[in-house]
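Me: Please give a close and connected account of a single part of this structure, the metal site. I should like the description to proceed from the site itself to the parts of the chain around it.

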Amino acid sequence: MPMYDFACRECGQVFEKKLRMSQSSDPQTCPGCGSGDTRRHMSSAFAVGGGSGPTRTISAPPPSSPFT
Ligand SMILES: [Zn+2]
């Protein structure tokens, strides 16, 4: 079952839920403030780049020019 990340618009809390695909679009309640005004993030299980934000974590430096 995939994990989904949610973020609360009220208090900003981010939480994860394991949901079925069919449940993934259901509104989730924030565990912090109880608000139902949450939005779903991309699941961390499917984080294969191309997400939102500059999440480029490359450990090895690219073989660029030797003149640095
Ligand atoms: Zn909240």
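Reply: A donor is here an N, O or S atom within 2.8 Å of the metal. The model is predicted, and the distances and angles that follow are computed from it. In sequence, the residues that supply donors to the zinc ion follow the spacing C-x2-C-x18-C-x2-C. They are Cys8, Cys11, Cys30 and Cys33, each contributing its SG atom at 2.3 Å from the ion. The angles subtended by these four donor atoms run from 105 to 116 degrees, and the arrangement is therefore tetrahedral. For comparison, the ideal angle for four tetrahedral donors is 109.5 degrees.

The site may next be placed in the fold. The protein has three strands and zero helices, in the order β-β-β along the sequence. Cys11 sits in the loop between strand E1 (3–8) and strand E2 (14–18), while Cys33 sits in the loop between E2 and strand E3 (38–40); the pair therefore ties together parts that are 22 residues apart in sequence. A cysteine-rich site also raises the matter of disulfides. A disulfide is a covalent bond between the sulfur atoms of two cysteines. The model contains zero disulfides when the criterion is a pair of cysteine sulfur atoms within 2.5 Å.

Accessibility gives a further view of the donor residues. Cys11 has 43% relative accessibility and therefore counts as partly exposed. Cys33, at 41%, is likewise classed as partly exposed. Cys30, by contrast, has 3% relative accessibility, so it counts as buried. The loop between E2 and E3 also holds Gly34, which is partly exposed at 46% relative accessibility. The C-alpha atoms of Gly34 and Cys11 are 9.6 Å apart in space, although these residues are separated by 23 positions in sequence.

Two of the donors, Cys8 and Cys30, also belong to the largest nonpolar core, which has six residues. The other members of this core are Tyr4, Phe6, Phe15 and Leu19. Strand E1 gives the most to the core, with three residues. Leaving aside residues up to four places away in sequence, Cys8 touches Gln13, Phe15, Cys30, Cys33, Ser35, Asp37 and Thr38. Cys8 thus has contacts with two fellow donors, Cys30 and Cys33, and with Phe15 of the core.

The setting of E1 completes the picture. Five of its six residues are buried, so E1 is largely enclosed by the rest of the structure. E1 runs antiparallel to E2, to which five bridges join it; within this pairing, Met3 has Lys18 of E2 as its bridge partner. The hairpin of E1 and E2 has five residues between the strands, and Gly12 there takes a positive phi near 80 degrees. E1 is also antiparallel to E3, with three bridges between them, and Phe6, a member of the core, stands opposite Arg40 in E3.

Across the protein as a whole, buried residues make up 21% of the 68 residues. Of the contacts with a separation of 6 or more, 37% are between residues 24 or more positions apart.

Conventions
Residues are numbered from 1 along each chain as its sequence is written. This is a predicted model: local features need pLDDT of at least 70, side-chain atom pairs count only at pLDDT 80 or more; totals for chains, interfaces and linings use all residues. Side-chain values use heavy atoms; hydrogens and water are left out. Donors are N, O and S atoms within 2.8 Å of the metal (3.2 Å for Na, K and Ca); water is not among the atoms, so sites may look incomplete. Four donors count as tetrahedral if all angles lie between 85 and 135 degrees; four count as square planar and six as octahedral if opposite donors are over 155 degrees apart and all others between 65 and 115; anything else is irregular. Helices (H or I, at least four residues) and strands (E, at least two) are DSSP runs, numbered from the N terminus. Buried means under 20% relative accessible area, exposed over 50%, partly exposed in between (1.4 Å probe, protein chains only). A nonpolar core is a set of buried Ala, Val, Leu, Ile, Met, Phe, Trp, Tyr and Cys residues joined through side-chain atoms within 4.5 Å. Contact means heavy atoms within 4.5 Å. Two strands pair if DSSP finds at least two bridges between them.
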